[in-house]
Amino acid sequence: MSDDESTPSMPPAETGEIEFGDVLPVLPIRNAVLFPAAVAPFDVGREKSVALVEDIENLDQPIIAIMAQRDPSTDDPDQDDLYPVGVAARVLKALKHSSGNYSLILQGLVRIRLEQLVSNDPYIKARVTRLPEVPAEDVESEALAMSLRDIAKQVIELMPELPREAGSLIDSIQERGQLADLVAANLDAPVDEKSELLETLDPKERIRKVLRLLTRQLEILKMRDRINSQIKEEMGKNQREYVLRQQLKAIREELGEEEGDQGDLDILEERIVKADLPNEADKVTRKQLKRLRQMQVGSAEYTVVRTYIDWILDVPWTKQTIDNMDIAAVRKVLDEDHSGLEKVKKRIVEYLAVRKLKTDKKGPILCLIGPPGVGKTSLGRSVARALGRKFHRISLGGVHDEAAVRGHRRTYVGALPGQIIQGMKKAGRVNPVFMLDEIDKIGHDFRGDPAAALLEVLDPEQNDTFSDHYLEIPYDLSKVMFIATANMGHTIPAPLLDRMEIIEIPGYTRREKLDIARVHLVPKQLEEHGIKPETMSLEDPAIESIIEHYTREAGVRNLERQIASVIRGVAVKVAEGEKGPWAVSDEESLRPYLGPPRFTSEVAERTTETGVATGLAWTAVGGEILFVECTKMHGTGTLQLTGQLGDVMKESAQTAMSYVRTRAKAFGIPEDFLEKSDVHIHVPAGGMPKDGPSAGVTMMTAIVSLLTGIHVRHDVAMTGEITLRGRVLPVGGIKEKVLGAHRAGIKRVILPERNTADLEEVPAEIRETLEFVPVSKMDAVLANALSDPDALKLDLAEPRPEKGDSEGVQATP
């Protein structure tokens, strides 16, 4: 029986025949069944139902057909959506709400059968047939009625929420069928079972069905009482939620049903068996599962332990991909995706060759250092594609919490593993290509140092037992191929740098950029902008002009943007209906799309005056040319330095000035030139910090040019550290500096003699277009840099090598 407030009640049966026509308005009801003689409230909100209620006053009498729906989600039911037997009901009261909906009080009258729908607008009307009540006056029906009354009274006693008058009402009804309808109306049973009772016309059969349902409810109520008694003895005054869960558990045990959560835990145990976990992981997982079986499902600890086990099972322990061992195919994939980058390709092929000979070879740990836009990140995806491995990338830029690498301990709310374990879960294999992007931009604060946490990850001797704070189980990372990327190496902590194999990726040459644009960038941008290759062509002279006059970079990122700008301009013409094809063939045809050239050579203009020299600098975005300007004015012998120079660069300027003063007589400079003069050295681009010793030769050349009146050749650039003895010492970043000189249109490069070996890394096409002058003395620099070196008395004899020469490393950011 139901204890809902809308429980139908039974008034005394009416005397006399109830008259109504054979066509009645139909009110479909959801999740309920109305029985004859029952009075119950109903809420009406559907459009057709509201129209029916509003039209009741126009009916001959307020009698409508009440039919239960099979599917409560159907908003506009037809005949097939309704149960075939319902009741004719009188509308006792209708109350309209402010929302426009109605609440009705309905009294069931007699059973009716739905024969046919005759109208569906504005509401449903149907032809119905009255179903007469079958009399039952024999002994069997009396016995059934007595049993029904007895069981109904027992149920009433076990449900204190029912009114006391319910038992008296049961005794007062003598009609067998009406008694069955009363009990059925108050049963807590599904709609389909109640509809079956409504369709049963034989009172004896109806009573039998009601008895079965009522007996089941009585047993449930008795079980509830027994459960309540057991729980009160065991639990006392514990939380209501815990009591309810104990009731549910006891019910399932009595019914012999398997508890849902226990079933889930059995599935979890099967996953543990199939996971083929290492011994330690298997032992920990089974221990946690045993704890889980003893916990309450609703407790907070249950969720924590369940999540922990799921993480252990989701992380791959043995499953791995099979490497593509076809070296020729790997080379082909790498060449398809990237032009140049021979060092990286060579290293990947070497690793694959060793893997063919030694299958348990640990994964390499590479660090690609180079300027932005040279393809470091995309190279990781290409390597994974070539080897047939899964690829996962994490960005370490701005990460300043050790937990990002190692995870949080499970004592914290919402704890999760670190990005390494999360990445392994996403990859789903134990040997993915794992890219650590922007490793040079890791931060650190009071929460720890992520770079220190990466020491274990990137150490081949330790990473086979990597320990995450969340898992607290050794995890093998030795099969992972780690590829880190960085723009500069000096910001990476030395211990971390020592654990990685450094591969420097300098900027691209003009020819490499042209090949990349032709093979990769132009087809990619044409496809992204919906332009067919036959509609537009971007020819090599135009691409070369973009490289020379519209971009100034080591990589190809801005080159791709400029190519995209040209293609967007053509896309506008296509969209406006202009007919092609369009050919962008030279610099003039670029102007409508890109405007006037943005970069021109400043070398010739700047070096036509004395006191100006061109140096070479290493930056995070590749090599660049660097101008040094000197001027002299009346003063007291002060040396002024501007251009946001670092301490090392200032010391280089002072060293250059001291050397010039010691050689003043040989250079034809008055020895007292500083007594009544100030010298000002400025390095343009004052907003950018500059430092390092490699501008020493450039500063010395500019000072000599200023004081002798001999200008420096405009097609010469130089780099090198100087000493007070006039020696030129080696510096770093030669390859990047040479590429920067080539981009700027330099023809002759002066560099330290001990850096000659570094020229082997410069592409052959660049070496062929530049003249390299290795020097070991400052006088040799002046001899090759000044436009008229014969005016000076230069000592070009080779110096004898001395011990203790320190190598200066260019560190200009």
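Select α20 (557-575) and α21 (587-594), two helices that are roughly perpendicular to each other, because angles of 65 to 115 degrees count as such (under 35 is roughly parallel, over 145 roughly antiparallel, and the rest oblique). Their axes come within 9 Å and cross at roughly 80 degrees. Axes here are lines fitted to C-alpha atoms, for helices over the stretch in contact, and angles run from 0 to 180 degrees between N-to-C directions. Helices (H or I, at least four residues) and strands (E, at least two) are DSSP runs numbered from the N terminus.

This is a predicted model, in which local features need pLDDT of at least 70 and side-chain atom pairs count only at pLDDT 80 or more, while totals for chains, interfaces and linings use all residues. Residues are numbered from 1 along each chain as its sequence is written, and side-chain values use heavy atoms, with hydrogens and water left out.

Next, show the side chains where the two helices meet. On α20, pick Gln 562, Ser 565, Val 566, Gly 569, Val 570 and Lys 573; they are in contact (heavy atoms within 4.5 Å) with Leu 590, Tyr 593 and Leu 594 of α21. Five of the residues in this contact are nonpolar, three polar and one charged (Ala, Val, Leu, Ile, Met, Phe, Trp, Tyr, Cys and Pro count as nonpolar, Asp, Glu, Lys and Arg as charged, and the others, Gly among them, as polar).

Now move to the sheet. Five strands form an open sheet with parallel pairing, in the order β8-β9-β12-β7-β13; two strands pair if DSSP finds at least two bridges between them. At the edges are β8 (391-395) and β13 (501-504), each paired on one side only. Neighbouring strands are turned by 20 degrees against each other on average, direction ignored.

Select β7 (residues 365-369) to see its parallel pairing with β13 over four bridges. Leu 368 has Ile 503 in β13 as its bridge partner. Then add helix α15 (residues 419-427), which lies across β8 and β9 (433-437) and runs at about 140 degrees to β9.

Two backbone details come next. Most residues other than glycine have a negative phi, and most peptide bonds are trans. Glu 438, in the loop between β9 and α16 (450-457), has a positive phi near 55 degrees. Pro 122 sits in the loop between β5 (102-119) and β6 (125-130), and the peptide bond from Asp 121 to Pro 122 is cis, with omega near 5 degrees.
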